[in-house]
Amino acid sequence: MTYETQPKASHFIGGEYVEDTNGAPIDVIYPATGEVVARVHSATPAIIERAVKAARGAQAEWEAMSGTERGRILRRASDIIRERNHELSVLETYDTGKPYQETSVADATSGADALEYFGGLAGALTGEHIQLPGGDFVYTRREALGVCVGIGAWNYPTQIACWKGAPAMACGNTMIFKPSETTPLCALKVAEILVEAGAPAGVYNVVQGYGDVGAALVTHDDVDKVSLTGSVPTGRKVYAAAAEGMKHVTMELGGKSPMIVFDDADVDAAVSGAILGNFYSTGQVCSNGTRVFVQKGIKEAFLARLSERLENAVIGDPMDPETSFGPMVSENQLNIVMGYIAKGQEEGATLSYGGARIEGDGYYLQPTVFSDVTDDMTIAREEIFGPVMAVLDFEGEAEVLARANDTEFGLAAGVFTQDITRAHRVVAGFEAGTCFINSYNDAPVEAPFGGSKASGVGRENSKAAIEHYSELKTVYVRMSPIEAPF
Ligand code: NDP
């Protein structure tokens, strides 16, 4: 291994790397080879306490700075991330196994976008002035929530660390971020860069650990807000634990999103959308359109073109810039997905493409397509979180919309059609937080991102995120003598 993957220490607290080897060891495995490339330790109760104290200690001073000053630091961090995009992308590839072709354009860069965007907004955050009869008025102060906890999934470790940190810090909060134990390396770099950019010690802290560390943070009395990116079952637990302390929450959870392809769609565009929405990041994307409803008239053409295009996937060494499809993040995730593939076959779906593990030490799986899938099959109902596309047939618009919405999830949904009125009508009918017309999985920082139904609470990115990281204090000002009945 020619690249330095071992961090200086496991945690980043109060502006510096901190180690405590009493915590359980966590080996970081490079998914392309199965090699251990780093080892960190889970946070002990002493580390958790130290992180909460550091974040609390830094918060008032951070909030007291002008928004412009805070924003300048975030924007400087964004610049440093862009300058170091290559090394950060290589690290992200070691952490996740995602191809460098992707990580170099979609991970550190997306984190930098968030820091730049919220850095720009920080100086513009205000309350409002409301005039009342008799010259009285109300003004509102937009205030920080305090100490925020961010808990991340393993598919986008740098992006999630920044998507949560940037709006939190812009609003004057401090943050403790716990990455998934599968991908602990990238968030440490974000913390290091923020300090280099001028963030005071304690503003952004990182602690490692399994779910128990996340749970300890969520239930800590001195934590004011929790933002989780993870699965629905974890979301339910974290939401309930946060409710006990009446804490603010943002929940970015899983999905089983529909993509509808009408028979007037441009076949190649629809196939591109289906590839992006099922195989990017080896299918490990929360908003993926994994239920692809294809109208009967276009089905054969769609499946034929899809198989042709999948032949062009370059599967191999994720560090090779030509590679466009990498391994699964872990052996565990690979086995979960293989289990779903077996279930699809058992339940009678047609395996149209792929379906097999690729021999070798890495956790590689072929891109997989099932056709003739029906709504009741397990692969059409449960989130797989891997490169498995389910193609379902449909005949009419009303029928397909009802079937698309027949799920507990509501993260995303897409439609491919040339008929503009149908496109907007279908999107209006979707029960989903993030929708696409003739596109799939775009997530610009300027646009709100989040789920409906079981897929989440709150929104990340855009001005909408500000509402989830600040609260309003209302101040009533009387201009005439106050009167009372007695
Ligand atoms: P998990 O739900 O297993 O874990 C998410 C995070 O929560 C991890 O850091 C995990 O730690 C932690 N955690 C687990 N249990 C608890 C607990 N009781 N209290 C506090 N924290 C806890 O998700 P995965 O990491 O497996 O990620 C995949 C899931 O994330 C998928 O469902 C996917 O759809 C969703 N996701 C959603 C996104 C969105 O924006 N909507 C984006 C990306 C992914 P540990 O890993 O150590 O167990």
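Which strand does strand 13 (residues 291-295) pair with, and is the pairing parallel or antiparallel? If you look at the structure with me, and please keep in mind throughout that this is a predicted model, you will find that strand 13 pairs with strand 16 (residues 388-394) in the parallel sense, over five bridges. Within that pairing, F293 has L392 of strand 16 as its bridge partner, and V292 stands opposite V391, again in strand 16.

For anyone new to sheets, strands pair through backbone hydrogen bonds, and they can do this either parallel or antiparallel. Strand 16 also pairs with strand 15, in the parallel sense and over three bridges, and here F370 is the residue that stands opposite A390 of strand 16. Strand 16 is mostly covered, with six of its seven residues buried.

Let me now step back to the whole sheet. Seven strands form an open sheet, which runs in the order 14-15-16-13-12-17-18, and the pairing across it is mixed. Strand 14 (350-353) and strand 18 (434-437) stand at the edges, and because each has a single partner strand, one side of each is left without a neighbour in the sheet. From one strand to the next, the twist averages 20°.

From the sheet I turn to the charged side chains. Side chains of opposite charge can pair when their charged atoms come close, and in this model the count comes to 28 salt bridges. I will take you through three of them, beginning with E16 and R50, whose closest N and O atoms are 3.6 Å apart. E16 lies in strand 2 (residues 16-18) while R50 lies in helix 1 (residues 45-64), so this pair ties together parts that are 34 residues apart in sequence. E16 is partly exposed, with a relative accessible area of 44%, and R50 counts as partly exposed too, at 40% relative accessibility.

My next pair is D264 and R422, whose side chains meet in a salt bridge at 4.0 Å, N to O. D264 sits in the loop between strand 12 (258-261) and helix 10 (267-279), and R422 belongs to helix 15 (residues 420-429), so the parts tied together here are 158 residues apart in sequence. D264 is partly exposed, with a relative accessible area of 26%, whereas R422, at 17% relative accessibility, counts as buried. These two residues also belong to a wider arrangement, since D264, E397, R422 and R425 are linked in a network of salt bridges.

The last of my three is the salt bridge between D372 and K299, where the closest N and O atoms are 2.8 Å apart. D372 lies in the loop between strand 15 (368-371) and helix 13 (378-381), and K299 lies in helix 11 (residues 299-310), so the pair joins parts that are 73 residues apart in sequence. D372 counts as partly exposed at 33% relative accessibility, and K299 counts as buried at 12%.

What, then, do the aromatic rings do? The count comes to seven aromatic pairs. One of them is formed by F12 and Y17, which meet edge-to-face, at 5.0 Å centre to centre and with 85° between the planes. F12 is buried, with a relative accessible area of 3%. Another pair, F436 and Y440, is tilted, with 4.7 Å from centre to centre and 45° between the planes. Both of its members are in the buried class, F436 at 6% relative accessibility and Y440 with a relative accessible area of 3%.

Rings can also be found beneath charges in this model: the charged end of K98 sits over the ring of Y156, 3.4 Å from its centre, and the charged end of K225 sits over the ring of Y469, 4.3 Å from its centre.

I would like to finish with helix 3 (residues 85-96), which has 12 residues and reaches 16 Å from its first C-alpha to its last, close to the 16 Å expected at 1.5 Å a residue. How many of its 12 residues are buried? The helix is mostly covered, with 10 of the 12 buried, and among them are L88, V90, L91 and Y94, but also the charged residues E92 and D95. Directly after helix 3 comes G97, whose phi is positive, near 85°.

Conventions:
Residues are numbered from 1 along each chain as its sequence is written. This is a predicted model: local features need pLDDT of at least 70, side-chain atom pairs count only at pLDDT 80 or more; totals for chains, interfaces and linings use all residues. Side-chain values use heavy atoms; hydrogens and water are left out. Rings of Phe, Tyr and Trp (its six-membered ring) pair if their centres lie within 6.5 Å; planes under 30 degrees apart count as stacked, over 60 as edge-to-face and the rest as tilted. Buried means under 20% relative accessible area, exposed over 50%, partly exposed in between (1.4 Å probe, protein chains only). A charge sits over a ring if NZ of Lys or CZ of Arg is within 6 Å of the ring centre and within 35 degrees of the ring normal. Helices (H or I, at least four residues) and strands (E, at least two) are DSSP runs, numbered from the N terminus. The expected span of a helix is 1.5 Å times one less than its number of residues. Two strands pair if DSSP finds at least two bridges between them. Axes are lines fitted to C-alpha atoms, for helices over the stretch in contact, and angles run from 0 to 180 degrees between N-to-C directions.
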